[in-house]
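Me: I have a structure open and would like to go through it with you. Could we take the domains before anything else?

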There are 2 protein chains.
Amino acid sequence: MSVAEVPRLGRPGAASVQAGRDALAGLLGADRVGTGADTLAQHGHDESFHPPARPDIVVWPRSVEEAAGIVRIALEHRLPLVPFGAGTSLEGHVAALAGGISVDMREMDAIGRPSLDDLDVVVQAGATRRALDARLRGEGVFFAVDPGADATIGGMAATGASGTQTVRYGTMRENVLALTIVNGWGAVVRTHSRARKSSAGYDLTHLMIGSEGTLGLICELTLRVRPVPPAIAAAACTFPTVAEAVRCAVAVAQYAIPVARIELADELQIEAINRHDETAFEVAPTLFLEFHGMSEADVAAQAQETAEIAAEFGGGSFAWASDEGERRRLWHARHRAYDAARALKPGSAGLTTDVCVPVSALADCVAAAQTDIAEHDLIAPIVGHVGDGNFHVCVLVDPNDAHDIARAEAFHGRLVERALAHGGTCTGEHGVGYGKARFLAAEHGPAGLEMMRAVKRALDPHGIFNPGKVLG
Amino acid sequence: MSVAEVPRLGRPGAASVQAGRDALAGLLGADRVGTGADTLAQHGHDESFHPPARPDIVVWPRSVEEAAGIVRIALEHRLPLVPFGAGTSLEGHVAALAGGISVDMREMDAIGRPSLDDLDVVVQAGATRRALDARLRGEGVFFAVDPGADATIGGMAATGASGTQTVRYGTMRENVLALTIVNGWGAVVRTHSRARKSSAGYDLTHLMIGSEGTLGLICELTLRVRPVPPAIAAAACTFPTVAEAVRCAVAVAQYAIPVARIELADELQIEAINRHDETAFEVAPTLFLEFHGMSEADVAAQAQETAEIAAEFGGGSFAWASDEGERRRLWHARHRAYDAARALKPGSAGLTTDVCVPVSALADCVAAAQTDIAEHDLIAPIVGHVGDGNFHVCVLVDPNDAHDIARAEAFHGRLVERALAHGGTCTGEHGVGYGKARFLAAEHGPAGLEMMRAVKRALDPHGIFNPGKVLG
């Protein structure tokens with residue numbers, strides 16, 4: 001049984017697939033056109049337990065020109081086209097629901113030399129977040145969007161990803177300056193100049209970000225990078241309740257403290273991290289904090305103000321990460337929260353929710369989720385990008401137990417309903433895929449969805465780009 | 001003679017206009033349906049000297065429902081519909097090139113109570129920037145986008161406006177959370193939830209921002225506000241050359257100093273400000289700076305670091321604005337740079353350019369502009385949002401002298417050509433209107449323009465929204 005309704009879409013006929021395969025082999029050579037069973041299976045699923053769906057063909061382009069050639073072949077033979085990055089998406093984004101071509105972007109992983117004047121860097125879509133981190137580290141700059149997974153940068157743009165530093169530095173929307181895409185006619189388009197800002201025509205960059213491969217194929221990205229702050233400090237602080245931790249985060253924002261990270265983990269998540277990462281955090285609702293500043297004094301002042309606010313909400317004293325190594329371990333543990341959560345129940349899979357609400361409603365929404373979890377006897381740790389109003393409940397389920405999945409799914413539905421009632425969204429950063437398509441009507445209403453459908457028809461007139469995703 | 005090619009568009013027939021007028025009078029009452037010659041003339045032009053074009057009818061809606069009714073009447077009678085705010089646009093945005101209905105939004109000027117938890121506020125499209133400033137001042141928060149003119153917030157969203165604080169706080173794109181619009185079918189759509197971020201479907205908010213009334217009618221906006229910084233300080237610093245001032249600004253960004261404003265004025269602009277505002281700034285290339293911090297010490301540290309960098313580029317000592325009154329006067333003078341410039345040549349109009357280039361190319365582009373100005377004997381002061389790579393040359397012309405206008409226009413063409421060659425854009429913040437439509441093909445290429453046209457056709461299938469703008 002599925003947690004989400006799998007759209008029933010037709011698949012291309014064998015003759016079209018064969019013709020497309022021949023044309024792709026002519027373009028790329030036979031060794032970059034995969035049709036083996038293992039290859040197809042690997043490319044049909046992501047990290048979620050939504051039912052996978054195999055493509056008919058997998059290809060590995062190495063240049064924008066090759067990517068454009070692939071799109072033109074897909075257009076000619078009316079073959080669906082599903083971009084594939086690291087396969088770390090959580091809503092079935094890469095499942096080839098209507099078969100066709102999976103475009104594995106991982107051989108397009110070049111990372112250019114960052115410009116230290118312009119504070120930007122050009123990367124290909126298949127470069128991963130960690131590879132980019134490593135490349136930038138020696139240059140004194142960093143890329144600020146850090147989802148938990150080691151996703152590809154193209155995939156992060158496609159889902160509108162964000163991360164632990166979004167509270168200060170924004171999501172992919174604020175950190176992608178321009179994209180090079182192949183559009184629905186097979187043409188290469190650069191969506192924006194290299195200027196920091198522009199009012200010259202419609203914002204194709206933001207239209208592509210979060211469109212999950214349904215409007216075009218993202219090939220290259222110009223990213224905004226930032227100077228590594230001269231001083232950084234990280235700390236953990238426990239609170240009597242999750243609600244108090246959340247209220248502390250809201251107050252920190254009100255006082256204009258430019259906190260770089262302010263992340264919530266509930267007791268169960270802390271327990272999971274301690275077990276999985278062999279850490280020894282106090283088991284209590286916790287805020288993990290990071291401060292970036294121009295100097296040690298600057299960071300100390302931010303921390304001091306934050307500590308005073310935390311104390312008002314019952315927060316304990318700050319447990320500081322003593323050096324860069326410890327700091328990295330702290331955030332590594334946070335980034336692996338999903339793995340840690342799953343280890344609480346061996347053999348389980350996680351249904352990870354992603355609602356985002358106005359921060360004024362966050363404490364109530366988290367508390368309601370906790371009550372719901374307790375009432376329905378679920379195992380479901382919580383983490384949250386609380387500065388943004390975004391939190392994840394990871395409901396552990398036996399992926400082979402339909403009843404278990406149905407219970408988790410019912411919880412998810414109630415959670416989203418509460419979020420929407422509070423003016424929130426069903427997904428803050430994971431995207432829709434086909435796993436959340438059923439929530440879009442309630443969130444956007446028929447007129448909003450109709451506008452999105454009109455855009456889809458206009459930019460993908462032949463309906464080849466990732467069918468069945470986002471709009472179902 | 002026009003500086004821009006005026007699209008030749010058909011106008012609706014008299015019968016359609018009469019029928020639309022009757023229907024509008026039925027909806028709004030006759031007193032909010034204007035057809036007097038003065039009213040029509042006032043609504044046919046903005047602050048530019050692009051040839052005006054009168055609408056056939058002017059209406060003043062007071063609610064989203066009335067705005068939707070107006071759009072439905074426009075659809076029924078196939079009447080073009082041009083949103084009108086403060087009339088401060090600079091590229092002929094509000095000219096009714098195909099006649100029809102000018103929708104004056106100024107009676108929809110309500111400003112809601114800001115949420116201090118969520119740091120947002122809901123405003124109607126006709127509220128002006130200064131009215132919003134005044135409303136927020138007592139609440140301890142501010143809205144960060146500050147173009148020179150006292151534009152309406154709806155108009156600022158429509159053009160993708162920015163301002164002097166964009167270097168730190170972003171443009172309208174980063175400061176509008178959600179819009180309530182009337183779409184091309186006459187339906188009311190809220191483009192986004194109240195959550196800080198979302199990945200739930202296509203980004204209609206950003207698609208509308210910068211679309212200049214060509215994709216729908218913006219009625220209400222949810223804006224991001226920010227706490228007023230506890231400490232603020234402003235200063236002016238002169239440099240031997242414009243290029244050195246620009247290089248200083250680039251270095252300040254590289255050192256991650258979170259400067260809130262860093263604005264260039266060249267000698268001629270300083271002279272203009274001194275004359276117009278009776279100030280006594282030293283006549284030299286100048287950076288106007290502002291620092292926002294958590295404390296006086298924080299601001300002092302930022303200023304100290306900046307002063308050290310400035311000294312490396314030949315900058316003089318900082319002339320500090322001594323108190324809030326002097327600081328406000330400083331920025332008021334900067335905001336009125338356009339008026340000051342025009343006063344250099346009584347009776348003149350200004351052709352204001354708006355290129356934005358990668359900051360690495362900014363010093364060269366400004367220097368090339370200065371050389372060009374000198375070679376062609378133009379009177380043309382320069383101001384720049386140099387932290388963003390955006391600068392304005394205000395070429396003073398006699399609006400009744402075709403030769404003068406042609407020379408200015410030729411200069412504009414060369415300036416844009418250089419900007420595009422450096423990876424920049426023809427407009428950083430003023431938008432396209434019909435004044436810059438001729439540059440879009442060179443900037444976006446045929447495939448990019450075709451995507452924009454497809455979006456236009458999809459969302460405005462009957463072509464009623466602000467015809468002739470953006471895409472020509």
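Reply: Certainly. This is a predicted model, and the domain assignment of chain A gives domain 1 (120-227), domain 2 (231-339) and domain 3 (345-430).

Me: How far apart are the C-alpha centres of domain 1 and domain 3 of chain A?

Reply: Those centres lie 28 Å apart. The contact takes eight residues from domain 1 of chain A and six residues from domain 3 of chain A.

Me: And how much area do domain 1 and domain 3 of chain A bury between them?

Reply: About 470 Å², with 43% of it on carbon and sulfur atoms. On the domain 1 side, Thr159(A), Ser162(A) and Val167(A) supply 54% of the area buried against domain 3 of chain A, more than any other three residues.

Me: How many salt bridges and polar contacts are there across that interface?

Reply: The rule finds zero salt bridges between domain 1 and domain 3 of chain A. It does find two residue pairs in polar contact, both residues of each pair at pLDDT 80 or more. The residues of domain 1 of chain A that touch domain 3 of chain A divide into two nonpolar, six polar and no charged.

Me: Now the two chains. What area do chain B and chain A bury between them?

Reply: About 6,400 Å², of which 63% is on carbon and sulfur atoms. The contact takes 80 residues from chain B and 81 residues from chain A.

Me: How many salt bridges lie across the interface of chain B and chain A?

Reply: Six are found there. One salt bridge between the chains joins the side chains of Asp203(A) and Arg173(B), at 3.2 Å from N to O. As for polar contacts, the count between chain B and chain A is 38 residue pairs, with both residues at pLDDT 80 or more.

Me: Which elements give two or more residues to the side of chain B that touches chain A?

Reply: In chain B they are helix 7 (172-175), strand 8 (188-190), helix 8 (204-208), helix 9 (242-254), helix 11 (296-312) and helix 16 (440-459). Helix 16 of chain B provides the largest share of that side, twelve residues.

Me: What is the make-up of that side by residue class?

Reply: On the side of chain B that touches chain A, 37 residues are nonpolar, 29 polar and 14 charged.

Me: Back to salt bridges. How many does the structure hold over all chains?

Reply: The total over all chains is 53. Within chain A, the side chains of Glu91(A) and Lys436(A) meet in a salt bridge at 2.7 Å, N to O.

Me: Where do Glu91(A) and Lys436(A) lie?

Reply: Glu91(A) lies in the loop between strand 3 (81-84) and strand 4 (101-104) of chain A, and Lys436(A) in the loop between helix 15 (402-421) and helix 16 (440-459) of chain A, so the pair ties together parts that are 345 residues apart in sequence.

Me: Last topic, the four-stranded sheet in chain B. What is the strand order?

Reply: The order is 1-2-4-3 in an open sheet with mixed pairing. Strand 1 (33-34) and strand 3 (81-84) of chain B are the edge strands, each pairing on one side only.

Me: In which sense do strand 3 and strand 4 of chain B pair, parallel or antiparallel?

Reply: They pair in the parallel sense, over four bridges, with strand 4 of chain B covering residues 101-104. Leu81(B) stands opposite Ile101(B), which is in strand 4 of chain B.

Terms used:
Residues numbered from 1 in each chain as written. Chains lettered and ligands numbered in written order. Predicted model: local features only at pLDDT ≥ 70, side-chain atom pairs only at ≥ 80, totals over all residues. Heavy atoms only, no water. Contact = heavy atoms within 4.5 Å. Buried area = accessible area lost by both parts, 1.4 Å probe. Salt bridge = Lys/Arg side-chain N within 4 Å of Asp/Glu carboxyl O. Polar contact = N/O pair within 3.5 Å; in protein donor to acceptor, adjacent residues only side chain to side chain. Nonpolar A, V, L, I, M, F, W, Y, C, P; charged D, E, K, R; others polar. Domains from an automatic or database assignment. Pairing = 2+ DSSP bridges.
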